[in-house]
Every structure is written in C-alpha cells, then in structure tokens.
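Trainee: I am new to this structure and would like a close look at a single part of it. Could you pick the strands near the start of the chain, and then show me how some other places compare?

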Amino acid sequence: MSNSSLAFPDLKHLVEQLHFNPEEGKIWLAEQRTVLMGLGALSSFRKEIITTLGMERGKGFFMRLGYYSGMRDAELAKKLNPNATQDEAFLTGPQLHCLRGMVKVIPKVLEYEPSNKHFYAEFEWIDSFEVEICRMSLGQLNEPACWMLLGYACAYSSHFTGLDIQFREVECRGQGDQHCYIVGKVATEWPDHEEFSHFFREAPLIDELYELQSRIADLEQSLGFPEDLPRAIGEAPPFTSALEMIDRGANAEVTMLLIGETGTGKEVLARRVHSMSARKEGPFVAVNCAAIPPELIESELFGVEKGAFTGATQSRKGRFERANGGTIFLDEVIELSPRAQAALLRVIQEGELERVGDDQTRQVDVRIVAATNEDLAEAVKAGRFRADLFYRINAYMVVIPPLRERQNDIALLAEHFRKRYEKQYRKVTLGFSDRALSALHEHDWPGNIRELENTIERGIILTDEHSSITEQSLFNLRLAQDKPESNRVRKINTASGQLENASINNLVLDSLAEQALSHEISIEAVEKALIDRAMSKSDGNISAAARLLGLTRAALAYRLKRSE
C-alpha cells in the first residue's frame, strides 16, 4: 500500500457486529462480549497494580493484557470483512481501537509484503485513554505510557501476518511529547527484540508463542493422562453432596443404587466407587442392561452352558463371573427381565448363581453398583420390578443431579473436555469465545454431561487451529434454528443511532400495536399471549421458548412464575 492511499475502510462492517442487549446486561462485538467501563476505575486499577507489582512488572502486566486482546482481534479481523483487500483487513485492528473508544488511530505508513516477509508501519495515536489514565493517577512518566495499546499492536500485527512483529512507542504524550507515535517492524530488525519480548513471556497470563503451546500439548499427549481413572469434576452443592455420599459408601460392601438422568455420569461415579474400595485391584465390569436383548440378558450376566439353546456351542462365563473379586456396574437395571431379576436377587442374597442350562451353582464375590434413570418405586407399583429386589438394591441410594442444576460446573466440564479433545485431535485452540461460553450456560442440556461432551468434541473438530471455539462451531446447524440473531440481540441503527430489532418488520409491529389498542388489550395480556404461544410452539420447553422470545431462560421462568 502506498503512503498516499492510507485510509480506513467504511466502519459499517464493524458497527454491524456491535450488538446491545441491555435487558440481559450484555454487549457483543461479534463473538466477543464487551464491557463499558469508566476511566476513573481503570485509573485506580492501574495505580494499584503498579503499587503492588512495581513499574516494570506492572508495565508487563498491561502489555500482556493488550497482547491478549490483540490476538483475539486478529482472528476477528480476518472474518469480519471477507471482501476487503489485505491492507483494508489489516486496518480493522486500528478501527477496533477507535470503535472501543481507546484511541483515535491515524495510519501513516503501512508496508506489508507476505511473500518477502516484510513489514513496516507507522501510526499516530490521538487522545490515548492510557495517557488520560496516567494524568489522573500517576502523573507524567519518564517513559511511554500506552502499554496496553502497544501490546495490542504487537499481538494484532503478529497474529494477523503470521510474522513476529514488534512495535515501539517512539513518542508519547504521557512522557511529555507532543504526540503518541508508534513504529512497527519484524522483531529481529530491532536490536533489543529479545529483551522486549520478555514482557510477553515473563508471566503466565498469556503465552506469546503458539509454538510453545503446541509443545506443551505434545508433551501432555506423550506423557498421557490416565483417562481410565475416575474424575468427578464439579463444585455445585447438589453434586458435591452426592459425591460425598458416594465416597462414604465406596469402601462398604452394600449394594449402591445411583439415580439420575441419562448422561449424568453414573458410570464414571461407579468407577470411582470401585477405585476407592478394597476391590480396586479386582476387575470392574460395566453392563448396559438396556442394550442387551431380553432373551440374552440372562446368559450375558450369568453365563451359559454348552447346548443350553441353539447357538450355545460352548460354555462361557457371564459378566458376574468375570467381575469376581471386583465390582459390576448394572446400568439401566430397570430393563432386566423378570427371570434376570430373580437371578440377580439370588446373587445379592446368597452370593451364588447358575449359568443358563446348568444345574450347578457357582459362588461369586462381587460388589454391585446399580443405576437407573427411572423411579424404581413406581416400577414396583406397576409390576415391572420385583419389590424384594428393589429393597435390596435400594439400601444405599445416591441421587445424581442433572447438569441443568449444576450451572457452576458447566464451564469446568467444558474446559475438561476441551483439553481432552485437543489432545485427542492434536489441535490447539484459543479456548471458548465469550458468546460460546454464554451459549453453553444458556442451553438446557437434556442429554446432560454426555451431550456437553459431544458438543465440545464437535466444537474442537470444527474449529481451526489457533482459533476460538465459537457458538456456531459448538451448536452447528442447530444454532440457525434455535437462536435466530433477530431474537437474540438488538442492533445499532447506524442511521438514527437508536436501538431496533433488525429482522422484525415495522409494519407488522405497527399493525399489532394498532389492533391491541383498538381492542383495549393490555400490555400484560399481550405479553401473556406471546409467552403462551412460545411455550406451545416449544412443547413446554422453557429454554426453547425463551430463545423464541429473545429472553434468557431465567427471565422467562420469572415471567411464568409471576403470571401464575
């Protein structure tokens, strides 16, 4: 780009990505959640950091903070305006600084030649927010003061170009100069580039080098983490209470019954019981009773003798004999056939079994952990489950809460699965975008932890290397159906500066308003009608209805309770 042609492209493509949702207290810039914060608070924060860490460490802290922001914006800039030229796309970063109210940027020189790995740039900064912060709390410095802006420039340029770019603030109003002026070029062209790069490598707040991240991931992969060890991840009180009961009963011999919805991690917890018991050196055998045909369940569990039925060409052990000396986990125990229930009761009471087609009893020493997602007491009343068996396996019952009751654990579990599948697919991402995390918390998770795990795996697969995991990549095609943009956010109207819903036809709204007024229909009645219709279209699913109405689940739940 020639110096005479330096000019920013139209801001429209950026402003269109800025969404306000004041009802939920959120502002979005594309995938990034953004906040508005006064300079007074930021000034006090900077002063406290410098007082605590000292000037040099404080400078590094704020440079890394800017570096992290610039790294994310470089990813954003490549996606926002696909029709822009290379230089126009690069100038998106300085435009984002202007849009956020941080500084006005005037491009002076920009030379970027990827084929030759050449980069040189000069920018002037006008009215830097960091200069104002210094004037408020620190006074004039003996060095340039725009630390966050400089860290941003270095990271943005490096990650946008794929080169190691460093900027220097050669003039700064914070140290008494007339202007704030920066110069950037390939790092090795600066004589002090190694010393300067220390600002980005010193603290663990941000890793500057993707190469280092890749090496860490490779090292973890080579070391391997024992995925077979049971990991119970969670801090939510309903889950920790259940975990405490499991741990207390783990070393006993009593049959344990785990009650919980499908996908809540009952098998992981059963493995935890086994690993904490005196039987941990013995086998652990997991059986999904619902996955075995009723006519085969007895032979699978208790074994079969040769010739017992057509196809039984040889004798073989069942799952209980294989679990001898250890633990057997019977998932969906409610699906056992009546004959299998009777045989299971005998194993619990007498510690013995008979293979199908055999008249010889065999002793087995097995700890039983059973699980179901149904109410066994109701199944007993309905005649589907033996009452005597129910009372034997119900001696020590633990209720496993669904994921929707463990909101505080969603982010922990998501991070756990992200690390697992990054290792599995040998991929390094930038983690979850703010909107992706928000979407994870808003989802109702009917499939519980299993659904969350599958969602994170899909997100890892669909996310490019060194990119953020977005809401779209997590929820894929369902996003377009369940979370239409028009119902989720309200956009800035660049012509009038007013907030409006971009996709609802104003004529339709005017017509609805006129009809409501002419028939003297109250606002409360209109709201109730909208909520009732949304609930009907969503088959009573509150989360789905909330998405149709552009509300959070909590907001809709509050309105439903208020209208009772």
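Mentor: Here is a walk through one strand and its neighbours, followed by a few other places in the chain.

Please keep in mind that this is a predicted model.

Let us start with strand β2, which covers residues 26-29. Both of its faces are covered. Lys26 and Trp28 lie on one side, Ile27 and Leu29 lie on the other, and all of these residues are buried.

Strand β2 pairs with a strand before it in the numbering, β1 (residues 18-21), and the two run antiparallel, joined by 4 bridges. Within this pairing, Phe20 stands opposite Ile27 of β2. The two strands make a hairpin with 4 residues between them. Gly25 sits in that turn and has a positive phi of about 70°.

Strand β2 also pairs with β3 (residues 32-34), again in an antiparallel way, and here 3 bridges do the joining. Ile27 turns up once more, since its bridge partner in β3 is Thr34. Ile27 therefore deserves a second look: Phe20 is opposite this residue, Thr34 is its bridge partner in β3, and its side of β2 is covered.The hairpin of β2 and β3 has 2 residues between its strands, and Ala30 takes a positive phi near 55° there. Ala30 lies in the loop between β2 and β3. Most residues other than glycine have a negative phi. Ala30 has its positive phi although it is not a glycine. With a relative accessible area of 12%, Ala30 is under the 20% cut-off and so counts as buried.

Lys117 makes a useful companion to Ala30. Lys117 is not a glycine either, yet has a positive phi of about 55°. You can find Lys117 in the loop between β4 (104-113) and β5 (118-126). Its relative accessibility is 59%, so Lys117 counts as exposed.

Next, look at the cysteines. The count of disulfides in this model is 0. Cys180 is in no disulfide, and the nearest cysteine sulfur, which belongs to Cys172, is 4.0 Å away. A disulfide needs the two sulfur atoms within 2.5 Å, so that distance does not qualify. Cys180 is buried, with a relative accessible area of 1%. Cys154 is buried as well, at 1% relative accessibility.

Charged side chains are the next stop, with a count of 31 salt bridges. One of them joins Arg279 to Asp365, where the closest N and O atoms are 2.6 Å apart. This pair links distant parts of the chain, with the two positions 86 residues apart in the numbering. Arg279 is in the loop between α11 (266-275) and β9 (284-288), while Asp365 is in the loop between β12 (361-363) and β13 (367-372). Arg279 is buried at 9% relative accessibility, whereas Asp365 is partly exposed at 43%.

Another salt bridge brings together the side chains of Glu300 and Arg316, at 3.7 Å from N to O. These two are 16 residues apart: Glu300 belongs to helix α12 (residues 297-302), and Arg316 is in the loop between α12 and α13 (319-322). Glu300 counts as buried at 19% relative accessibility, while Arg316 counts as partly exposed at 30%.

Arg386 and Asp388 form a salt bridge too, with their closest N and O atoms 2.9 Å apart. Arg386 is partly exposed at 33% relative accessibility, and Asp388 is partly exposed at 33%. Elsewhere, salt bridges that share partners join Glu305, Glu321, Arg355 and Arg362 into one network.

One last place to visit is Ser467, in the loop between α19 (448-462) and α20 (471-475). Ser467 is buried, with a relative accessible area of 12%. Leaving aside residues up to four places away in sequence, Ser467 touches Glu75, Thr429 and Leu430.

If you go back to the model now, try β2 again: β1 is joined to this strand by 4 bridges, β3 by 3 bridges, and both faces of β2 are covered.

Technical notes
Residues are numbered from 1 along each chain as its sequence is written. This is a predicted model: local features need pLDDT of at least 70, side-chain atom pairs count only at pLDDT 80 or more; totals for chains, interfaces and linings use all residues. Side-chain values use heavy atoms; hydrogens and water are left out. Buried means under 20% relative accessible area, exposed over 50%, partly exposed in between (1.4 Å probe, protein chains only). Contact means heavy atoms within 4.5 Å. A salt bridge is a side-chain nitrogen of Lys or Arg within 4 Å of a carboxyl oxygen of Asp or Glu. Two strands pair if DSSP finds at least two bridges between them.
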